[in-house]
Amino acid sequence: MGWPMREQEFSQISDHALGTVVRSILSLSPNSGERMVFGAFRGRGLLVQRNRVRESIFRVDPVSRALRRFR
């Protein structure tokens, strides 16, 4: 399409470290959803695939995630 490609690559972060960061973000703002957590990662200079963030939220806080989906 002629759009410029992003030159920055995804951050190399383990699933364990990803879960630690997600847990930290959710402790600061427990009602945050996937988009807020994803934005918090970007604000910290981490570029992580959205599906990895989604999976990590599910592992760290499955109950709150389910409740947010049904609201």
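**View 1. The largest nonpolar core of this predicted model holds 12 residues.** Its members are Ile13, Leu18, Val21, Val22, Ile25, Leu26, Val37, Phe38, Phe41, Val48, Val53 and Ile57. Three helices, α1 (15-28), α2 (34-43) and α3 (50-60), each supply at least two of these residues. The largest share, five residues, comes from α1. In soluble globular proteins, nonpolar side chains tend to be buried together.

**View 2. Val48 and its contacts.** Which residues does Val48 touch, leaving aside those up to four places away in sequence? They are Phe10, Ile13, Leu18, Phe38, Phe41 and Val53. Val48 itself belongs to the largest nonpolar core. So do Ile13, Leu18, Phe38, Phe41 and Val53.

**View 3. Arg50 sits over the face of Phe38.** The distance to the ring centre is 4.2 Å. Phe38 is also a member of the largest nonpolar core and one of the residues that Val48 touches. How many aromatic pairs are counted in the model? The count is zero.

**View 4. The protein chain is built from four helices and zero strands.** From the N terminus on, the order of elements is α-α-α-α. Of the 71 residues, 30% count as buried. Among contacts with a separation of 6 or more, 52% join residues 24 or more positions apart.

**View 5. The surface of the protein chain.** The exposed area is about 5,500 Å². Carbon and sulfur atoms supply 56% of this area.

Conventions:
Residues numbered from 1 in each chain as written. Predicted model: local features only at pLDDT ≥ 70, side-chain atom pairs only at ≥ 80, totals over all residues. Heavy atoms only, no water. Core = buried A, V, L, I, M, F, W, Y, C linked by side-chain atoms within 4.5 Å. Buried < 20%, exposed > 50% of the residue type's maximum accessible area, 1.4 Å probe, protein only. Helix = DSSP H or I, 4+ residues; strand = E, 2+ residues; numbered from the N terminus. Contact = heavy atoms within 4.5 Å. Areas by Shrake-Rupley, 256 points an atom, 1.4 Å probe, with all protein chains shown as cover. Phe/Tyr/Trp six-rings, centres within 6.5 Å; stacked < 30°, edge-to-face > 60°. Lys NZ or Arg CZ within 6 Å of the ring centre and 35° of its normal.
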